[in-house]
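Here's a quick tour for anyone opening this structure for the first time. Have the sequence and the 3D view handy, and follow along piece by piece.

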Amino acid sequence: MTVPARELREAAGGPLASRLSARYLEQHCLIPLRVDADGALLTAVAGPIDDTVADELTRIYQRPLRLVEVPATEVLAAIMSGQRQPVRETSAPANGARASTAEDIAVDDLAALANQAPVIQLVNVLVLDALRMGASDIHVEPHADGLRVRYRLDGVLQEVSRLSEQYRAAVISRLKIMSGLDIAERRRSQDGRARIRAGDRETDMRVSTLPALHGESIVLRILDHAGHGRGLSELGMGADVRERFERMIRRTSGIILVTGPTGSGKTTTLYAALARVNAPGVKIVTVEDPVEYQIPEVIQIPVNARAGFGFDGALRSILRHDPDVIMVGEMRDQTTAELAIQAALTGHLVFSTLHTNDAPSAITRLVDMGIEPYLVAATVHGIVAQRLVRMLCQDCAEPYTPEASELAGSSAAGSLPGLAEYRRPRGCASCSGTGYRGRAGIYELLPVSDVIRELIARHASLAEIRSQARSEGVESLAAAGWRVVQSGGTSVAELLRVTNEDEAA
């Protein structure tokens with residue numbers, strides 16, 4: 001059964017919980033909820049409890065126990081919200097006045113709030129739960145009535161907890177202290193890093209703050225070293241696409257581009273490509289903003305905009321270090337793109353990323369940035385466009401026949417041969433009710449052929465380049481995605497969420 005957050009908060013401050021100390025509730029992560037009709041004490045717990053604790057509760061309440069498991073973050077948030085003695089504030093608000101915020105509290109008091117045991121425990125549980133659930137980001141968002149905590153799971157945000165406003169300043173300050181940020185600075189954005197160790201597992205987090213109406217909004221990007229070392233065979237590429245991509249990255253010069261929106265897995269693909277070409281006789285240098293994962297035997301350079309060391313400055317320096325392979329985290333401007341092209345012309349293999357909808361659009365994007373078409377034609381040898389789609393939970397996905405209206409939105413849906421096996425999400429305990437578990441990539445691989453080079457050199461339109469790519473057998477992102485849909489791997493709705501009809505053209 002599920003226990004609503006409101007019921008948890010009310011129970012944490014209710015008469016049953018008042019018979020136990022707040023410290024006891026926090027230590028064992030439990031809340032007595034109510035007495036059921038059969039006389040059993042329904043108790044919310046974060047997991048299995050010791051027999052000693054169960055015996056104590058039975059003795060104190062003189063009733064048998066019935067346990068219901070609730071996420072630890074929700075239990076701790078409810079305990080903190082329901083405590084009779086709130087964490088220390090500088091002063092209580094008068095009738096009609098607003099509650100204290102970080103702006104009202106002195107820096108020393110903020111530090112004291114952030115270092116209280118319940119706050120530390122809650123923040124640790126929030127982070128560890130995110131790791132356990134495989135979240136990529138933690139969003140801590142201030143609102144008028146408190147804090148909302150959401151995890152990004154398989155690319156979609158899901159709310160996991162709400163904290164009352166009296167803990168807003170404490171939790172935000174705790175996160176800033178963990179990340180080495182200035183807790184006294186609340187009027188501008190800050191960026192930092194934090195490192196969490198859970199058992200034998202060490203995880204880095206990139207932390208960013210943003211001043212908002214009701215306090216600072218914080219996003220923690222989880223850089224999980226246990227999950228970044230994927231090889232090309234683990235990315236979900238089809239055998240044919242992977243074989244052609246591997247041939248492409250074996251070149252000794254030229255530019256290989258990976259395109260897609262933020263969160264589409266571009267960095268993972270680049271790291272997998274670097275791992276494949278990495279060898280004792282090859283010198284690889286990367287310039288990134290920031291360096292997300294450490295790659296053995298590779299020179300990785302973080303850019304530092306505040307110190308005036310950007311992508312362009314780093315690239316100029318890298319070329320003097322005799323590299324064989326260069327990875328540029330992103331081509332953001334004309335200067336960086338020109339330097340990358342110069343490196344490719346002088347015998348280096350360059351990997352980089354762009355933000356475009358599909359592979360042919362990367363060509364026109366470079367031209368729009370001010371790069372001469374003949375230089376683009378001479379240096380760009382291959383482009384990979386990609387998206388990540390959530391895969392259906394194998395425990396609860398159900399077969400169905402889609403309505404004609406679902407398939408009418410894409411010309412690629414009906415153009416693929418074979419018998420389709422459509423499935424849709426239902427939701428179960430294994431997938432936390434979402435209907436999806438895990439993600440896989442869909443890819444569009446565009447080798448730049450001689451015909452396409454001629455089109456680029458004469459400044460052909462995007463439509464002409466795209467049409468030529470299709471005539472050469474380059475499968476669009478949408479078509480690749482419909483193959484996954486028709487094999488029962490993901491749903492129609494999920495594919496339409498991450499692609500659009502322009503990418504099927």
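What follows is a short briefing, going from the whole chain to a few selected parts.

Keep in mind that this is a predicted model. The chain runs to 505 residues, and buried residues make up 50% of them. Along the way it forms 18 helices and 18 strands. Among the contacts with a separation of 6 or more, 65% are between residues 24 or more positions apart.

**The seven-stranded sheet**

- Start with an open sheet of seven strands, in the order S12-S11-S13-S14-S10-S15-S18, where the pairing is mixed.
- Strand S12 (299–302) and S18 sit at the edges with a single partner strand each, so one side of each has no neighbour in the sheet.
- From one strand to the next, the twist averages 20°.
- Helix H11 (residues 334–345) packs on this sheet, where it touches strand S10 (254–259), S13 and S14.
- The direction of H11 makes about 135° with that of S10.

**Strand S13, covered on both faces**

- Which residues of strand S13 (residues 325–328) lie on each side? Val325 and Met327 are on one side, Ile326 and Val328 are on the other, and all of them are buried.
- Strand S11 (residues 284–288) runs parallel to S13, and four bridges join the two.
- S13 is also joined to strand S14 (residues 349–354) by four bridges, and that pair runs parallel too.
- Met327 is a handy landmark here: Thr286 stands opposite Met327, and Met327 also stands opposite Phe351 in S14.
- A little further along, Val328 has Ser352 of S14 as its bridge partner.

**Strands S4, S5 and S6**

- How many of the eight residues of strand S5 (residues 146–153) are buried? Seven of them are, so S5 is largely enclosed by the rest of the structure.
- Strand S4 (residues 137–143) runs antiparallel to S5, with seven bridges joining them.
- One bridge to look for pairs Val140 with Val149 in S5.
- The hairpin that takes you from S4 to S5 goes through two residues.
- S5 also pairs with strand S6 (residues 156–164), in the antiparallel sense and over eight bridges.
- In that pairing, Leu147 has Leu163 of S6 as its bridge partner.
- S5 and S6 form a hairpin as well, with two residues between the strands, and Asp154 in this hairpin takes a positive phi near 55°.

**Helix H16, one side in and one side out**

- Helix H16 (residues 462–471) has Ile465, Arg466 and Ala469 among its residues, and these three are buried.
- Looking down the axis of H16, you'd find the buried residues within an arc of 95°, so they line one face of the helix.
- What do those buried residues pack against? Their partners are helix H12 (359–368), strand S18 (436–447) and helix H15 (450–457).
- Turn to the face of H16 that points away from the buried side, and you'll find the exposed residues Ala463 and Ser471.
- Gly473, with a positive phi near 90°, follows H16.

**How H15 meets H16**

- Two packed helices are described by the angle between their axes and the distance between the axes.
- For H15 and H16, the axes come within 10 Å and cross at roughly 175°.
- That angle makes H15 roughly antiparallel to H16.
- On the H15 side, the contact is made by Val451, Ile452, Leu455 and Ile456, while H16 contributes Glu464, Ile465, Gln468 and Ala469.
- Sorted by class, the contact of H15 with H16 has six nonpolar residues, one polar and one charged.
- Two of the names should look familiar: Ile465 and Ala469 of H16 are buried and are also part of this contact with H15.

**Arg230, out in a loop**

- Where is Arg230 placed? Look in the loop between strand S9 (215–224) and helix H8 (239–249).
- Arg230 is partly exposed, and its relative accessible area is 41%.
- Setting aside neighbours within four places in sequence, Arg230 is in contact with Leu235, Thr268 and Ala272.
- Of these, Thr268 is 38 residues from Arg230 in sequence, yet their C-alpha atoms are 7.4 Å apart in space.

Methods. Residues are numbered from 1 along each chain as its sequence is written. This is a predicted model: local features need pLDDT of at least 70, side-chain atom pairs count only at pLDDT 80 or more; totals for chains, interfaces and linings use all residues. Side-chain values use heavy atoms; hydrogens and water are left out. Buried means under 20% relative accessible area, exposed over 50%, partly exposed in between (1.4 Å probe, protein chains only). Contact means heavy atoms within 4.5 Å. The arc is that of the directions from the helix axis to the C-beta atoms. Axes are lines fitted to C-alpha atoms, for helices over the stretch in contact, and angles run from 0 to 180 degrees between N-to-C directions. Angles under 35 degrees count as roughly parallel, over 145 as roughly antiparallel, 65 to 115 as roughly perpendicular and the rest as oblique. Ala, Val, Leu, Ile, Met, Phe, Trp, Tyr, Cys and Pro count as nonpolar, Asp, Glu, Lys and Arg as charged, and the others, Gly among them, as polar. Two strands pair if DSSP finds at least two bridges between them.
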